Amino acid sequence: MFLRIFRFLRCLTWRRFINLLLAVCDYMRMLCGLKPHTKHKPVFLSVEPANTCNLKCPQCAVGSAKTHPKPQMMTTEMLDMVLKDTCATLLEMNFFFQGEPLLNLNLPELINTAHRKGIYTLCSTNAQTLTAKLAEALVNSGLDRLVVSMDGHTQAAYGQYRVGGDVQRVYDAMRYINDAKKRLGRNTPVVELQCLLLSSTENSLDFFRTNYRRLGADTLTFKTAQFYDYEHGNPLMPTNERHRRYRLTADGTYRIKGRLKKHCWRVVAGAVVDANGGVRPCCFDKIPQHLYGNLHDNSFGEIWRGDKAMSFRQAVLTHRPEIEICQNCTNV
């Protein structure tokens with residue numbers, strides 16, 4: 001935890017601090033029911049290194065073929081287009097969205113480009129293609145945090161959600177990363193072992209609590225799972241109600257916990273740039289439905305303050321519960 005705070009503070013310049021304050025002020029305006037000014041630039045961004053995946057997870061838009069984008073890898077040129085307008089004020093860049101980041105062979109170079117700009121970098125992976133050589137490249141890239149998804153500690157549990165995956169490859173990947181850190185004398189990336197809370201992983205939770213450090217992780221996170229077809233339940237929903245993102249109502253259907261409020265920090269402070277150059281409001285716009293624009297047509301700055309972006313933020317302020325992508329959102 002202290003290492004993460006230190007690494008994050010390392011990225012905090014005066015310009016970034018002022019930009020963060022402007023974003024907070026804009027969010028406060030939204031809390032008060034006032035239209036955001038958006039005089040600031042993004043505080044954080046998610047960029048998509050690859051829009052394809054090597055697994056077929058049933059509740060993933062890409063893995064379950066709910067979306068069929070043309071296979072695309074983010075290039076250094078496209079990342080430079082994003083950083084040109086944001087690097088001086090951007091605090092954090094997440095290198096993941098829907099596809100598997102490691103499928104982009106230039107991922108270490110992309111991460112290093114942001115790292116050299118003093119930006120906090122984070123990547124999330126299923127680790128199926130993480131070799132010893134790639135582990136060394138990721139450590140050398142300056143990556144601050146690596147989230148490794150491991151949804152079950154046995155193949156029988158893991159394979160129920162990570163369809164097509166091999167849990168042994170995840171165990172190996174964790175070892176490769178830690179061996180590379182020791183060999184290179186680095187304490188980053190901080191490795192976060194993440195497990196989705198599913199019916200198939202409930203018997204793995206105690207194992208992870210007891211063994212995550214032995215496996216090579218610095219931290220452990222249990223994350224509630226998003227379901228597209230949650231209203232009438234799903235066999236993968238955990239039996240423990242505390243582990244679900246949804247509550248069972250009196251009529252026998254499920255509803256997301258909490259009540260959607262007419263404000264959202266994500267759309268005020270950040271955005272997603274997909275592998276095709278499309279700019280989206282947040283990670284819940286998976287199809288997409290609310291594209292702000294595309295970097296092939298306009299600069300990021302023009303898109304960030306463009307009519308579509310401003311209209312969507314206004315829509316969140318006035319009728320967020322009616323926006324489809326917000327109806328399955330945990331930012332309540």
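A polar contact is a pair of N or O atoms within 3.5 Å; within protein, one must be able to donate a hydrogen and the other to accept it. The model used in these exercises is predicted.

**Exercise 1. Place Asn298 and find its side-chain partner.**

Step 1. Locate the residue. Asn298 sits in the loop between strand 11 (293–294) and helix 10 (300–304).

Step 2. Check exposure. The relative accessible area of Asn298 is 37%, so Asn298 is partly exposed.

Step 3. Look for a contact. The Asn298 side chain makes a polar contact with the side chain of Glu302, at 3.5 Å.

Step 4. Look along the chain. Met81 is 217 residues from Asn298 in sequence, and their C-alpha atoms are 9.8 Å apart in space.

**Exercise 2. Decide how many disulfides the structure holds, then examine Cys32 and Cys60.**

Step 1. Count. There are zero disulfides.

Step 2. Take Cys32. Its nearest cysteine sulfur belongs to Cys25 and is 11 Å away; Cys32 is in no disulfide. Cys32 is exposed, at 60% relative accessible area.

Step 3. Take Cys60. The closest cysteine sulfur, in Cys53, is 6.0 Å from that of Cys60. A disulfide needs the sulfur atoms within 2.5 Å, so this pair is too far for a bond.

**Exercise 3. Describe the nonpolar patch on the surface and place Leu12.**

Step 1. List the members. They are Leu9, Leu12, Trp14, Phe17, Ile18, Leu21 and Leu22, with about 690 Å² of accessible area together.

Step 2. Find the main contributor. Helix 2 (residues 14–31) gives the largest share, five residues.

Step 3. Place Leu12. Leu12 lies in the loop between helix 1 (2–10) and helix 2. Its relative accessibility is 32%, so Leu12 counts as partly exposed.

Definitions and conventions. Residues are numbered from 1 along each chain as its sequence is written. This is a predicted model: local features need pLDDT of at least 70, side-chain atom pairs count only at pLDDT 80 or more; totals for chains, interfaces and linings use all residues. Side-chain values use heavy atoms; hydrogens and water are left out. Helices (H or I, at least four residues) and strands (E, at least two) are DSSP runs, numbered from the N terminus. Buried means under 20% relative accessible area, exposed over 50%, partly exposed in between (1.4 Å probe, protein chains only). Patches are made of residues with over 30% relative accessible area and no salt bridge: like charges are joined within 9 Å, nonpolar side chains (Val, Leu, Ile, Met, Phe, Trp, Tyr) within 5 Å. Accessible areas come from the Shrake-Rupley method with a 1.4 Å probe; for residues, only the protein chains shown count as cover. A salt bridge is a side-chain nitrogen of Lys or Arg within 4 Å of a carboxyl oxygen of Asp or Glu.
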